[in-house]
Amino acid sequence: MTSPIETQLLINNKLVLASDNGTFDLFSPHTGKFIAKVAEATTQDVESAVSAAQAAFPSWSSLSPVERGKPMKQMADLILAEHDELAKLDAIAMGRPVSTFIDTKYAAVQFNYFAEAAYPQGQTSLNTPGFLNMSLRQPFGVVAIIIPWNAPLVFFSKKVAPAIAAGNCVVVKSSEKAPLTSWKVSQWIEKCGFPPGVINVLSGHGQPSGAALALHMRVRALSFTGSTRTGRAIQIASAQSNLKKVVFELGGKSPALIFEDADLEQAAKETENSINWNSGQTCMANSRIYVQESVKDRFIEAFTNLARSRKLGDPVDGQVNHGPQADKVQHETVKKYIDIGKSEAGQFIDTTPTETSPTNKDSLFVRPMIFTSVPETSRLTKEEVFGPVVVINTFTTEEEAITKANDTEFGLYAALYTKDLERAVRVGKKLESGMVGINCTSPTGCWDLPFGGWKGSGTGRESLLDSMEHYLEVKSLYVRCPGIGS
Ligand code: NAD
């Protein structure tokens with residue numbers, strides 16, 4: 001990337017500048033260099049995009065699912081073909097190492113699956129004499145999709161594919177921290193054969209474009225992945241406008257419980273990967289680990305050695321598996337929590353490797369940090385850090401482990417490691433969490449079971465089998481048919 005990128009908005013299949021020509025600058029979190037001038041969508045652009053989506057809706061929704069699926073398959077193929085370019089764009093925008101970029105495969109599965117899965121069915125009923133009754137499942141019309149920056153293509157595809165397959169037309173707003181992959185994909189939408197207005201892609205901050213979508217009277221449903229704080233603001237905006245349906249995938253403070261009979265090597269390997277993958281910027285990362293007192297020292301040693309072996313460096317280098325934090329704000333936030341940990345934790349381990357480590361002073365690196373014996377009331381234990389910072393505390397009894405794990409306002413993903421199957425199921429049942437890994441931890445999951453959180457971690461459940469539900473309204477149709485008999 002020699003000269004800076006200049007991005008546009010996609011409205012009605014036209015790549016356009018923001019209505020007031022407004023832009024914001026994007027800087028590489030690794031080099032600090034200016035990399036892109038990004039269009040900042042205005043409320044006028046939101047109006048135009050919603051109008052384009054609304055105009056496209058009657059004909060798009062009346063196509064057969066097979067016809068709607070054709071451009072979606074083209075999109076899957078193009079995303080796979082452009083893997084290297086897409087990986088590089090997220091690496092320069094938010095520091096995600098190209099070696100960890102699995103997002104194109106994920107996105108292709110979403111577009112390919114929903115290209116063939118969109119045959120929503122209702123129910124029929126003959127239980128009312130003289131009536132043939134039925135329920136229909138129909139698209140909402142205009143759906144807004146607001147995504148975060150930590151895996152933008154994953155969130156773009158897992159929301160857009162089911163929404164449009166169901167017959168809706170969408171307005172997507174990318175994150176201000178990582179707008180480049182969404183912008184790149186927006187350039188292929190017409191080429192894939194999507195009619196104008198079916199997918200509109202805006203870039204910009206929460207204010208004004210995100211908030212304008214959340215408040216919009218013609219947006220009938222909104223699917224959001226991001227922080228719990230923003231989820232609350234969107235919920236309020238929905239209530240203040242048209243009570244649009246909202247679906248939330250929010251933050252986490254996920255616990256992992258390590259019992260003394262666990263395979264400690266496996267538990268250390270997987271929990272270390274969970275918290276440090278993507279530099280700790282993963283919603284379901286196990287940021288709290290509770291290890292049984294009797295095996296604490298062995299576990300911490302194994303965990304620390306793994307964290308020390310992380311290869312920090314330029315995220316476009318294929319050998320690197322730990323890039324910088326996404327931007328200065330994230331970097332400052334993580335450092336603030338590290339300061340809290342240093343003053344409140346019983347002990348901390350800075351995993352700075354002893355051999356050569358990157359010297360780029362402009363890079364927003366945070367090396368994996370381990371805090372032990374942290375008060376359960378500390379902000380470090382209670383709040384989402386979204387960085388490579390782990391709390392390792394201990395427990396003695398099973399009851400204590402469950403109480404500590406559940407003592408949080410989040411409930412996205414919990415994990416437990418034990419060889420005792422009955423204990424695994426007993427504890428698994430008691431954990432207040434949308435997903436529980438037994439002898440595995442996040443990001444382990446599966447394509448076909450619900451992904452989502454309890455408590456402050458969200459209201460939605462997404463998967464190949466579940467996502468379509470969010471984008472369909474239900475209608476009961478009562479058909480008087482006296483002649484059919486009772
Ligand atoms: P964020 O909430 O700051 O921003 C997310 C998106 O919302 C961005 O596009 C932003 O511009 C937009 N936004 C901000 N204010 C808005 C407003 N008032 N109205 C409408 N839109 C607004 O989150 P982030 O920093 O981009 O992402 C990190 C967060 O996302 C973490 O909390 C993480 O746990 C969470 N996350 C959750 C999941 C999940 O599946 N549960 C997955 C990934 C990330």
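This text goes through selected helix packing, sheets, a buried strand residue and backbone exceptions in a predicted model.

Two packed helices are described by the angle between their axes and the distance between the axes. Helix 2, residues 65-81, packs against helix 5, residues 152-165, at an angle of about 165 degrees. The axes of these two helices lie 10 Å apart. Since angles over 145 degrees count as roughly antiparallel, helix 2 is therefore roughly antiparallel to helix 5. The crossing of helix 2 past helix 5 is left-handed. On the helix 2 side the contact is made by Arg68, Met72 and Ile79, and on the helix 5 side by Leu153, Ala161, Ile164 and Ala165. Sorted by class, this contact has six nonpolar residues, one charged residue and no polar residues.

The sheets come next. Strands of a sheet pair through backbone hydrogen bonds, either parallel or antiparallel. One open sheet has three strands in the order 1-5-4, with mixed pairing. Its edges are strand 1, residues 5-6, and strand 4, residues 23-27, each of which pairs on one side only. Strand 1 runs parallel to strand 5, residues 34-39, and two bridges join them. Isoleucine 5 has alanine 36 in strand 5 as its bridge partner. Helix 3, residues 83-94, lies across strand 1, strand 4 and strand 5. Relative to strand 4, helix 3 runs at about 90 degrees.

Another open sheet of three strands follows the order 6-7-20, and its pairing is antiparallel. Strand 6, residues 124-125, and strand 20, residues 472-480, each have a single partner strand, so one side of each is left without a neighbour in the sheet. Two bridges pair strand 6 with strand 7, residues 131-139, in the antiparallel sense. Here threonine 124 has methionine 134 in strand 7 as its bridge partner.

Valine 246 belongs to strand 12, residues 245-249. Its relative accessibility is 16%, and because buried means under 20%, valine 246 counts as buried. Leaving aside residues up to four places away in sequence, valine 246 touches Leu222, Ile234, Gln235, Ser238 and Thr459. The C-alpha atom of valine 246 is also separated by 8.5 Å from that of glycine 460, although these residues are 214 residues apart along the chain.

The remaining points concern the backbone. Most residues other than glycine have a negative phi, and most peptide bonds are trans. The bond from glutamine 207 to proline 208 is cis, with omega near 10 degrees. Proline 208 is part of helix 8, residues 206-215. A cis peptide bond also joins serine 442 and proline 443, where omega is about 10 degrees. Proline 443 sits in the loop between strand 19, residues 435-438, and strand 20. Strand 20 is also an edge strand of the antiparallel sheet described above.

Positive phi values occur at asparagine 13, near 65 degrees, and at leucine 243, about 55 degrees. Asparagine 13 lies in the loop between strand 2, residues 9-11, and strand 3, residues 14-16. Leucine 243 lies in the loop between helix 9, residues 228-240, and strand 12, the strand that holds valine 246. Which of these two residues is buried, and which is exposed? Asparagine 13 is buried, at a relative accessible area of 8%, whereas leucine 243 is exposed, at 65%.

Technical notes. Residues numbered from 1 in each chain as written. Predicted model: local features only at pLDDT ≥ 70, side-chain atom pairs only at ≥ 80, totals over all residues. Heavy atoms only, no water. Axes fitted to C-alpha atoms, helices over the stretch in contact; angles between N-to-C directions. Helix = DSSP H or I, 4+ residues; strand = E, 2+ residues; numbered from the N terminus. Parallel < 35°, antiparallel > 145°, perpendicular 65-115°, else oblique. Left-handed = near helix turned anticlockwise from the far one by under 90°. Contact = heavy atoms within 4.5 Å. Nonpolar A, V, L, I, M, F, W, Y, C, P; charged D, E, K, R; others polar. Pairing = 2+ DSSP bridges. Buried < 20%, exposed > 50% of the residue type's maximum accessible area, 1.4 Å probe, protein only.
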